Every structure is written in C-alpha cells, then in structure tokens.
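The account below walks through a structure step by step, beginning with a single residue and moving on to domains and chain contacts. Please keep the sequence and the coordinates in view while reading.

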Amino acid sequence: MDILYKIFIDPFVQMGGAPDLLVQTLWEGLVGGVLYALIALGFVLIFKASGVFNFAQGIMMVFAALTLVGLYEKGVPAFLALLLTIGVMYALALGIERMVLRPLVNQPDIILFMATFGLTFVLVGLGELIFGGEPKQMITEQLWLPKGAIDIKMLGGLVSLQKIDIAAAVIASIMVAGLAVFFQSTRIGRALRAVADDHQAALSVGISLNQIWVIVWFTAGIVALATGIMWGARSDVSFALEIIALKALPVLILGGFTSIPGAIVGGLIIGIGEKLGEFYWGPLLGNGIESWLAYFIALAFLLFRPQGLFGEKIIERI
Amino acid sequence: MSGADAIKPGETLLSVDNVSLAFGGVRAITEVSFDIRKSEIRAIIGPNGAGKTSMLNVINGFYHPNEGRISFAGATRARMKPYEAATQGIARTFQNVALFKGMTTLDNIMAGRTLKMNRGFFWQLLRQGPALAEEIEHRKFCEEIIDFLEIEAIRKTPVGKLPYGLQKRVELGRALAMEPTLLLLDEPMAGMNLEEKEDMSRFIIDVNQHYGTTIALIEHDMGVVMDLSDRIVVLEYGRKIADGTPAEVKADQKVIDAYLGVSH
Amino acid sequence: MFYRETGQYKTSYAADMAVFPILQDRIGVGLMLLVAAVGIPLFATLFPATGNFFLQVIMIPFLIFALAAIGLNILTGYTGLISLGTGAFMGVGAFACYKLTTIFPGVNIIVWILASGFFSCAVGVVFGLPSLRIKGFYLAVATLAAQFFLQWCFVRVPWLFNYNASGAIEVPERTLFGVALTGANATAMTRYFVVLAIVVGLTWIASNLIHGRIGRSWMAVRDMDIAAQLMGIKLLPAKLLAFAVSSFYCGVAGAMMVFFWYATGAEPEVFSIRQSFFILSMIIIGGLGSLIGSYFGAALIYIMPILLGWLADVSGLPIGAATIEHLRVMLTGVLIIFFLIVEPHGLARLWQIGKQKLRIWPFPY
C-alpha cells in the first residue's frame with residue numbers, strides 16, 4: 001500500500017503543497033521541450049521533402065554549435081563566426097546533396113537511413129578533428145544573448161526564469177512562424193510541398209530535386225545552428241550533447257514524422273513529461289530516469305496510436 | 001484441410017455472401033455475393049477500380065469486410081488473419097509482384113512450404129537428422145514445381161534480378177508450393193507479351209487439371225478470360241453486375257455498357 | 001584456375017543444399033580453422049611477446065565483436081529490424097554472467113557464459129514486443145528505449161555489480177581443471193581458445209538456422225511482410241524469435257568481452273550507445289544479411305584504428321591518440337557512406353564477386 005501511495009498520491013500532494021516548485025518544473029520542462037521540438041523540426045523538414053530519416057539531425061546541431069564556438073576560439077569575431085557557420089552549414093548541405101543523396105537516389109529507405117547514420121560518424125570525427133574533443137563554452141554574451149535570471153514572486157515562492165530560456169522560447173516561436181510562412185506562401189515552399197508529395201510528379205513539372213534538397217538541408221542546418229546555440233548555453237558544447245539530441249526521436253514518434261505541429265506538441269509533451277517524471281517520481285527509482293523516460297512515454301503512446309499524434313491512419317495496399 | 005477435401009468437384013467451395021467493404025467514406029465493395037465451386041476456374045473481371053483486388057484481399061483475410069459473411073469449405077468465418085487463410089489452404093499471387101527480393105528462386109518457393117514444415121527449433125539449430133531430412137523432402141517437392149514451371153536455370157538466382165515475366169512465374173511457383181485448395185491470381189498476365197501470356201495460360205490450365213486446384217483469377221485480357229474460365233463474375237464500382245458462363249457474360253447488356261460506356 | 005567447380009557433380013539434394021557446396025570452399029574453411037586453432041597459437045608460443053599481444057589485442061576482441069555482429073546481423077540484416085540497443089543487450093549478458101558466477105561460484109564459467117545469453121534473450125524478447133504494433137524506424141526508437149533503460153539499470157542498481165565501490169564488474173578467477181580461464185592469472189592463450197571454440201560453435205549454429213525454415217521465414221518478413229503472412233508465417237513469433245536469437249548472441253558476446261577480453265573488470269560505460277553504433281557500423285560495412293560479412297566488418301572496423309596507430313608510429317608523424325580516435329570515427333563514417341553507394345551489400349558482396357571472378361579466371365565471363 002505504501003508503494004501505491006508513493007506512486008499515485010504522494011507526488012500530487014507535493015505538487016499541491018509547493019505550487020511554485022511545480023511551476024518551476026513545468027517551466028524547465030517547457031524550455032527543454034521547445035528545444036527537443038526544434039531538433040525534431042529540422043528532422044521533419046528533411047523527412048517531408050526527401051523521405052530521408054535523417055539520423056544525423058542531432059549531430060548537425062552539435063556540429064553547428066561546435067563550429068561557431070570553435071571559430072570564435074580561433075580568434076574570429078563572434079558575429080563573423082556566426083556568418084561563417086551559416087556558410088559552413090550551406091556547404092554541408094551542398095556536400096551532403098552531392099556526395100550522399102544524389103548517388104543514393106531511389107535506394108530503399110533503410111539504405112538512406114544507414115547513410116545518415118554514417119554521416120553522424122563523419123560529422124563527429126570531423127568536428128573533433130578540427131576543433132578538438134574537449135567541452136567548450138557557448139559564446140552567449142558575445143552574441144548579445146541575455147544572461148541571468150528573472151525571479152518572479154508567485155504562489156508563495158520564487159520562480160526563477162533564465163533569460164536565455166525566455167530568449168530560446170521567443171526565437172523558437174519566430175522560427176516556427178517563419179517556416180510556416182515560408183512553406184505556405186513562397187514559390188520554393190510550394191515546390192517543397194510538391195516534392196514531399198511525389199518526387200517523380202514534382203520532377204515532371206520542372207522542379208529541380210537537387211536544388212530543393214540543398215535548400216531543405218540548409219534550412220535544417222540553420223534550425224540546427226539555432227538549437228545548438230540554445231542547448232550550448234544551457235550546458236557545454238561537446239558531442240556528449242548527442243545523447244540529448246537522440247531524444248528528438250521519441251518526440252518524432254509522438255508527433256509523427258511529417259507533421260510540424262506534431263513536432264512542436266510532441267516536444268512539449270516529452271519535455272514536460274520527463275521533467276515532471278524526474279522531479280516527482282524519479283526519487284522512487286533512484287533518480288536519473290530522465291535518460292530513458294522520454295522513450296517510454298513515446299513507446300506507451302505508440303502502442304495506442306501507431307501513426308503518431310497528427311499522423312493519418314495508414315491503409316496498407318497490396 | 002479435411003473440410004475442403006470432403007467437397008466434391010462442382011460443389012461450392014467458397015461463398016461470398018452480401019459482402020461490403022469501406023475505407024472511411026469510400027465504398028470499395030457493396031453487397032457482393034458469389035460463389036466459387038471446387039475445381040473450377042472462376043474469373044473476376046471489371047473496369048479499373050471496380051473492387052476486384054479488394055475482393056481478393058477480403059477472401060484471404062487481409063481486409064475485414066464491414067458487412068456480410070464468407071464461408072470457405074463449409075465453415076463460416078468471422079474476422080480472420082492472413083496466415084489463418086494460408087493454413088486453410090488459400091494461396092495468392094499479387095498484382096505487383098510481391099516476391100522476397102533478397103532470396104533466390106529456390107528459397108522463395110521453399111518459403112511457400114513453411115506451413116508444411118514442422119521440425120522443432122532444436123533440430124533447426126543442428127540442421128541434421130530430421131530437420132535435414134525434412135528439408136530434402138520439401139526440396140524434392142519444390143524441384144517438381146520448378147520443373148513444371150520450367151525455371152530450372154534460375155533456381156539459384158536472386159529473384160530481384162529476374163525479368164518481370166519470370167518473377168510472375170516464380171510467384172506462381174511459390175503459391176503452388178503451398179499446395180493450395182484455392183488459388184487466387186491477381187492479374188497473372190499483366191504486362192506480359194503474347195508469348196508469355198500463352199505460357200502462363202497453359203500453366204494455369206495445367207495447375208487446374210493436374211492438381212485439381214480451384215482457381216480464382218483477376219485479368220484484364222478478355223480473350224484469355226473467356227478462354228480460360230468456367231464462370232465469370234463482373235464487378236463495377238464495387239457492385240456485382242453480372243455472373244455466369246463466358247457466353248452469358250459476353251451477351252450481357254450491363255457488361256457491354258460497363259466496358260464500352262453508355263450514351264446518355 | 002584452381003578455384004573451379006567443374007566436375008563436382010551433385011548427385012543428391014543434401015549435397016546441393018550444403019552450406020559450402022564447392023570443394024574448394026570447404027578446404028578454405030578448413031584451412032582457416034586450422035590457422036585459427038593451431039597456426040596462431042603455435043606462432044604465439046614461438047614468439048611469446050608479439051604473439052600474446054596479437055592474441056590479446058587483435059584476435060580475442062576481433063572474435064568477440066564478430067559474434068556480436070552476427071547477433072545484430074540476425075536481427076537487422078536477416079529480419080530487417082533496425083536495432084540501436086546492441087550495446088545494452090551485450091551488457092545484460094555481462095552482468096548476468098557476473099551475477100551467476102558470484103552466486104554459484106562452483107559451476108564452470110563457460111556454462112555461465114552461455115547461460116547468460118538466455119537472460120539477454122529474455123530481455124530482448126520483452127523489448128521486441130512492441131514490434132507487434134510498430135514497424136521500421138519507429139522500432140529503432142523502441143530499441144533506443146532498451147539501450148537507455150538498461151544502461152541506467154547497470155549504473156543505478158547496485159545489486160547488479162554486487163555493490164562494488166567502483167560500480168564496475170570485477171572479474172573473479174575461475175578455473176577449468178586447474179587452469180585459470182578468467183581473472184588476472186588467465187593467459188591470453190587459454191582465453192583465446194575458449195573464445196574461439198564458442199564463437200566457431202555459435203557461428204555454425206547461426207548458419208544452420210539461417211539456411212533452414214527459420215532463416216527463410218526471417219528473410220521473408222524482411223523482404224515483404226505482407227506476402228510472408230500469406231505464406232502462413234506469423235509475423236510476431238518470427239520477429240520475436242529473431243530478437244531472442246540475436247540478443248542471445250549479443251549477450252554471450254558481452255559476457256565474453258568482460259570475462260575473456262578485459263579479463264579483470266569492466267565499467268557499465270562499455271555498454272553505452274557508442275558500442276551499439278560501433279557494432280551497427282560493422283554490419284553495414286561487412287554486409288547486411290551475411291555471416292561472413294559480420295567477420296569482415298568486425299575485422300575492418302576493429303582493426304582499422306590499430307592500423308592507423310601503427311601507421312602513425314611508423315611514419316613518425318606526431319599524431320596523438322585522440323587524433324587517431326577522431327580519424328577513426330570519421331573514416332568509419334566515410335566507409336559506411338562509400339559502401340552504401342558503391343556496394344550496399346558491403347565487403348561480403350565484394351568477397352562473392354571476387355570468388356566469382358576467380359571461378360571464371362582467366363576469362364572475363
């Protein structure tokens with residue numbers, strides 16, 4: 001009975017007893033969720049436009065952040081480093097399209113997945129080779145990102161919001177809105193949606209697949225850079241971030257591989273779910289459950305809705 | 001299997017009774033009834049999108065009808081899974097060849113024997129004694145099929161590398177390896193040239209006469225259908241519009257309208 | 001010229017269905033086994049210094065990685081289910097073996113090595129259950145759940161490592177007929193023989209499974225699951241069996257890794273996601289759906305950094321160990337992409353093509 005009490009009642013008593021802590025936990029989860037959503041967003045962009053399950057999306061984020069910090073450490077001024085990093089992400093998109101996607105066009109999905117798996121090795125190796133493997137500090141101040149925290153008195157306690165987290169939420173919203181406009185109302189956006197629907201049909205009306213892929217991978221690269229800066233500001237920049245980046249995968253399962261709203265909602269559910277779980281139920285199991293909770297939330301969900309939150313039910317045809 | 005064996009040639013083997021199937025709002029099949037008699041060749045024809053393939057999918061348990069019943073060999077079934085249909089002796093080929101592309105011709109046909117092989121896991125670990133004996137026994141059976149279909153030369157070739165016509169033949173071989181009571185053929189001659197069609201027609205007739213297998217086939221080539229089949233059922237927009245011998249169907253005004261269009 | 005099958009007529013289906021139907025192949029395999037079982041140990045006895053280094057640093061880990069790669073290949077290469085949890089399943093084997101041998105020290109360690117595979121097997125089946133509802137990449141995420149959950153268990157459940165202060169497995173000494181098999185006193189030679197025997201035996205069993213009814217049903221599920229169902233193959237049992245067998249192999253490999261390679265002990269960090277990625281890269285490069293490819297992949301991926309280090313030494317270039325590690329990671333990635341583009345079936349296919357060329361030599365066809 002005691003264990004049942006601890007699982008089903010005690011956490012809620014704690015939540016009610018200290019609502020300021022609950023708000024603080026929710027906020028932490030929300031910010032984490034936004035960042036997961038951003039990684040998932042880059043993934044969805046690529047999956048929609050090329051049908052490639054881009055296992056390397058998380059690594060692209062770390063690679064972008066590492067390039068930015070690495071260039072700064074080598075003496076490049078912060079904003080120039082930012083521009084250069086954007087250039088590097090473009091070169092990367094170009095290189096991936098030329099050397100990976102183009103030779104593998106029309107291969108089975110699993111081969112393309114494996115290729116992006118290989119890409120993670122290349123990016124990890126390359127990044128560490130050039131900039132070294134030791135953890136680095138993100139250059140938040142140099143990029144004029146706010147520092148410090150805002151303390152809000154509420155619910156009989158103090159809730160402390162990191163300014164960088166607020167900035168992250170704002171930037172993420174702007175980016176999502178921008179992408180939505182880009183997708184809906186520009187010529188390239190229309191072409192992207194056409195390619196997503198049917199490669200061959202898109203080709204036949206004169207859309208260049210190669211060009212579209214470069215654009216999509218570049219866009220995903222920019223999203224990765226933004227995400228990398230935010231994550232980097234919360235912890236150090238190193239390839240240990242890869243483990244965090246992998247959590248974008250359960251987010252995708254929740255949201256479906258092709259849905260942008262799904263990626264966002266999924267990210268928030270995972271982010272908040274794992275923070276609440278860790279804070280209120282973690283002590284029962286000896287803490288650290290954050291490392292796997294996200295996957296279990298996604299799995300449990302998947303058993304009931306295999307197509308994800310916003311995915312359509314698939315009718316198998318033979 | 002005993003249920004199906006007890007039925008004499010000419011008696012009803014499978015009956016489809018008032019079956020309807022819908023995906024969301026789209027009605028694929030509406031209140032269709034027909035039967036298939038033992039040892040006959042039954043053709044299902046109709047324009048594209050008439051619900052022919054959906055009908056086969058319902059028969060072998062891949063889709064579940066929203067309404068209606070299907071009885072096979074005297075037993076009426078509720079929801080059934082595809083592998084249960086396989087255990088009852090219903091085999092199938094596909095419109096777009098569904099072979100196991102990474103495996104050789106021989107392995108594909110051997111895979112059709114899966115249900116007939118029952119040596120346990122531990123003998124499989126050793127691949128000696130009973131497991132090997134069983135393997136050889138079934139290899140013999142498969143070699144007969146290979147011989148029958150005249151595909152000896154490609155037995156060890158991965159099927160992904162074969163031309164389309166041969167793939168269709170291997171797929172037929174795989175279905176035959178199951179020793180089916182009822183064989184469903186979904187457009188066995190699609191995309192073939194005249195010569196290949198003649199070969200395939202000959203195989204179908206041979207299977208029917210040699211093994212006594214009941215065959216239901218979907219085909220667009222009217223010449224082939226009229227020559228091969230004993231009876232024909234015609235679907236249009238998911239409804240049955242005619243049912244009878246080739247001569248009856250040919251003379252049916254509704255069928256002529258469905259194929260040639262009707263002036264309004 | 002000498003690799004030719006002309007004149008070797010098969011007069012029975014049994015002869016035609018043999019795993020190595022060509023005489024020269026059988027001779028080749030026999031020679032390989034002879035070199036592994038007699039040649040290499042002889043070399044190690046004659047030149048103890050290099051010989052022991054060769055056994056400890058190259059042969060033992062190579063064989064263990066090959067076994068793990070076979071395990072993953074059964075699941076990913078033959079059944080088409082991507083797994084990112086190999087490292088964790090290896091860990092289950094290692095920790096199970098450790099618990100078993102400390103609870104029942106009287107039973108021989110080799111028995112426990114094999115028995116620990118069954119624990120890994122059971123865990124594998126549990127994490128394979130979602131394959132009932134989910135497919136493809138979604139399933140890959142399910143195996144990630146296994147990876148992170150099990151890894152967490154290895155660190156957070158002290159019972160698993162017997163409350164050692166180090167948080168690691170400390171390998172006790174175990175003997176067979178008075179000869180130390182594990183622990184600090186076991187010679188590289190003894191450990192090599194045990195590993196070789198287990199790996200060869202399990203490879204033979206894997207080959208039996210794959211060439212029979214079960215292997216065909218796995219490949220059928222991989223190539224076209226809908227058609228497989230209509231052949232009477234039940235998907236869930238076929239997939240779960242693949243999970244079970246695969247995890248068994250990985251579990252045994254993990255247990256051997258700790259007990260016969262590290263020999264004194266291992267930290268849970270060994271069974272991280274990096275290990276999973278490492279083994280996955282082996283089977284991609286070696287060849288998906290090929291047993292011999294598992295050996296090739298293990299050899300290439302495992303031995304490459306050693307070669308790189310040696311090259312750096314010989315050439316006298318001032319390259320640090322860290323740089324070599326980074327180079328290795330990058331080269332692995334480049335090789336994966338290269339093979340996927342040029343030859344998606346990896347080294348195993350190159351091997352086949354080579355044999356085919358040899359068969360018709362000196363003519364091009």
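**Two residues with positive phi**

C:Tyr163 is exposed, because 8 other C-beta atoms lie within 10 Å and a residue counts as exposed when that number is 12 or fewer. The model is a predicted one, and in it C:Tyr163 adopts a positive phi of about 55 degrees although it is not a glycine. As for its place in the chain, C:Tyr163 belongs to the loop between helix H6 (136-156) and strand S1 (169-170) of chain C.

A residue of chain B can be set beside it. B:Ala73, again a residue other than glycine, has a positive phi, near 50 degrees, and is found in the loop that runs between strand S4 (67-72) and strand S5 (75-77) of chain B. Is B:Ala73 buried or exposed? B:Ala73 counts as buried because it has 20 C-beta neighbours inside 10 Å, and the threshold for a buried residue is 20 or more.

**The two domains of chain B**

Turning from single residues to the chain as a whole, the domain assignment divides chain B into domain 1, made up of 1-89 + 180-264, and domain 2, which covers 99-179. The C-alpha centres of these two domains of chain B are 26 Å apart, and the contact between them involves 11 residues of domain 1 and 10 residues of domain 2. On the side of domain 1 of chain B that touches domain 2, helix H3 (82-88) and helix H8 (194-211) of chain B each supply at least two residues, and the largest share, 4 residues, comes from H8(B). By residue type, this side of domain 1 of chain B divides into 8 nonpolar, 2 polar and 1 charged.

**Where chain B meets chain C**

Chain B is also in contact with chain C, and this contact takes 29 residues from chain B and 26 residues from chain C. Which helices of chain B each supply at least two residues of the side that touches chain C? They are H3, helix H4 (105-111), helix H5 (121-126) and helix H6 (129-149) of chain B, and of the elements on this side H6(B) gives the most, with 6 residues. The side of chain B that touches chain C consists of 16 nonpolar, 6 polar and 7 charged residues. H3 of chain B thus appears in both descriptions, since it supplies at least two residues to the side of domain 1 that touches domain 2 and at least two to the side of chain B that touches chain C.

Definitions and conventions: Residues are numbered from 1 along each chain as its sequence is written. Chains are lettered from A and ligands numbered from 1 in the order in which they are written. This is a predicted model: local features need pLDDT of at least 70, side-chain atom pairs count only at pLDDT 80 or more; totals for chains, interfaces and linings use all residues. Domain bounds come from an automatic or database domain assignment. Two residues are in contact if their C-beta atoms, placed from the backbone, lie within 7 Å. Ala, Val, Leu, Ile, Met, Phe, Trp, Tyr, Cys and Pro count as nonpolar, Asp, Glu, Lys and Arg as charged, and the others, Gly among them, as polar.
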